[in-house]
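Me: Before I use this model, I would like to see how each label is earned from the number behind it. Please take the labels in turn and reason from value to cut-off to conclusion.

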Amino acid sequence: MKIILLILATFIWGAGFVGTRWTLVDFGPVWSNGLRFVFASLIGLLITFAFSLIKKVNLRTLFYSREALYCGGVLWIALQLQTIGIGLTSLSKSGFLTTFYALFTPLFCFILFGSRFKKAFWLLLLVSLVGVAMLCELDIKKINNGDLFILASAVFFSLHIILVDRYCQNVDAFIFNIQQIHFIAIISIPFGLYYEGMPALEKLITENSYIFGSSLWGFIILALFSSILAFSIQVYAQKGIAPHIVGLVFLMESVFSTFFGYLLFDERLTPLMIAGCILILVAIAMVPFQLKVNRKVATY
């Protein structure tokens, strides 16, 4: 069941690719990332305030925890490094190199915790990465600075998966996620002002902004679904699934983003890309049969 929830999260993030494209029409990449979390934080404030009235709990406990701060900080670094890298390298290379978090996650688990993994896991991971390479129609001619930024972001994405695994076991998934969103929103504002200046927020209140496909709708999708819903699902699902399997399942995001790009933006979908999608789907479909995914009985 929780594998299905993780796949649902990747579906939402894949759809978030559409929202990101819409926001980039009116905003730079730094504010595209920053404002999504600012808006998610504001929505989260309303939800948590209502939650506090119903549950009659201390509001302060809903806004801050040291563990959520750690996770939020690492996630913010990963997103910013990825944003910088995308601007300096090709989309195909950035798409492929980002998925290296699926490789870094088990390596970090081995280095930090001495975890061991089945041969079946490494085989499924290899098949998935080959599928991603085919999906991206990878053509590596030389490594540039952008590639290094993307690889660095993959390191931090994998660290975020591991930190969530370590801190989420005894927390409310929704509240924990809202706490990390608040922190990312706070640090995104000065960072955005420094690198891109004041955002043109008036573009969000024009007549055309209410038409589906505008940057406003993009931020609604990113804030409400990609940030609040999908990350909450991740935190909840990671209570029952080991982090190396989480990283593997997250590769489904590349399949869904390709699908939405083809469906809504008329992007190419070649036979090689379709074959890559099939490889990833087959590998992820085999996870429940080849690996024990419940963390209480998992064989790392």
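Reply: What follows is a set of questions and answers on a predicted model.

Me: What makes the pair of arginine 166 and aspartate 165 a salt bridge?

Reply: The closest N and O atoms of arginine 166 and aspartate 165 are 3.7 Å apart, and the rule asks for a side-chain nitrogen of Lys or Arg within 4 Å of a carboxyl oxygen of Asp or Glu, so the pair qualifies. By this rule the count comes to one salt bridge. As general background, side chains of opposite charge can pair when their charged atoms come close.

Me: Why is aspartate 165 called buried, and why is arginine 166 called partly exposed?

Reply: Aspartate 165 has a relative accessibility of 2%, and buried means under 20%, so the label holds. Arginine 166 has a relative accessible area of 43%, and because this value falls between the 20% limit for buried and the 50% limit for exposed, arginine 166 is partly exposed.

Me: How do you know whether threonine 23 is buried or exposed, and what does threonine 23 touch?

Reply: The relative accessibility of threonine 23 is 0%, which is under 20% and therefore counts as buried. Threonine 23 lies in helix 1 and, leaving out residues up to four places away in sequence, touches Ser32, Ser215, Gly218, Phe219 and Leu222.

Me: Why is threonine 99, in the loop between helix 5 and helix 6, called buried?

Reply: The relative accessible area of threonine 99 is 4%, and since the cut-off is under 20%, the residue is buried. Beyond neighbours within four places in sequence, threonine 99 is in contact with Leu129, Val132 and Leu251.

Me: Which residues and helices form the lining of the largest pocket?

Reply: The largest pocket holds about 1400 Å³ of space; of the 41 residues that line this pocket, the closest to its centre are Phe17, Gln82, Ile86, Glu253 and Ser257. Helices that each supply at least two lining residues include helix 1, helix 8 and helix 12, and the lining divides into 18 nonpolar, 17 polar and six charged residues.

Me: What is known about the confidence of the chain, and where is the pLDDT below 50?

Reply: The mean pLDDT of the chain is 85, with 91% of its residues at 70 or more. Among the elements, helix 3 has the lowest mean pLDDT, 67, and helix 10 the highest, 93. Over residues 294-300 the pLDDT is below 50, although this stretch has 22 contacts in the model beyond near neighbours in sequence. Where pLDDT is low, the predicted coordinates should not be read in detail.

Definitions and conventions
Residues are numbered from 1 along each chain as its sequence is written. This is a predicted model: local features need pLDDT of at least 70, side-chain atom pairs count only at pLDDT 80 or more; totals for chains, interfaces and linings use all residues. Side-chain values use heavy atoms; hydrogens and water are left out. Buried means under 20% relative accessible area, exposed over 50%, partly exposed in between (1.4 Å probe, protein chains only). On a 1 Å grid over the protein atoms alone, a cavity is a set of points where a 1.4 Å probe fits but cannot get out, and a pocket is an open set with protein on both sides within 12 Å along at least five of seven lines; lining residues have an atom within 4 Å of a point. Grid points are joined across faces, edges and corners, and a volume is the space filled by probe spheres set on the points. Helices (H or I, at least four residues) and strands (E, at least two) are DSSP runs, numbered from the N terminus. Ala, Val, Leu, Ile, Met, Phe, Trp, Tyr, Cys and Pro count as nonpolar, Asp, Glu, Lys and Arg as charged, and the others, Gly among them, as polar. Contact means heavy atoms within 4.5 Å. pLDDT is the predictor's confidence in each residue, from 0 to 100.
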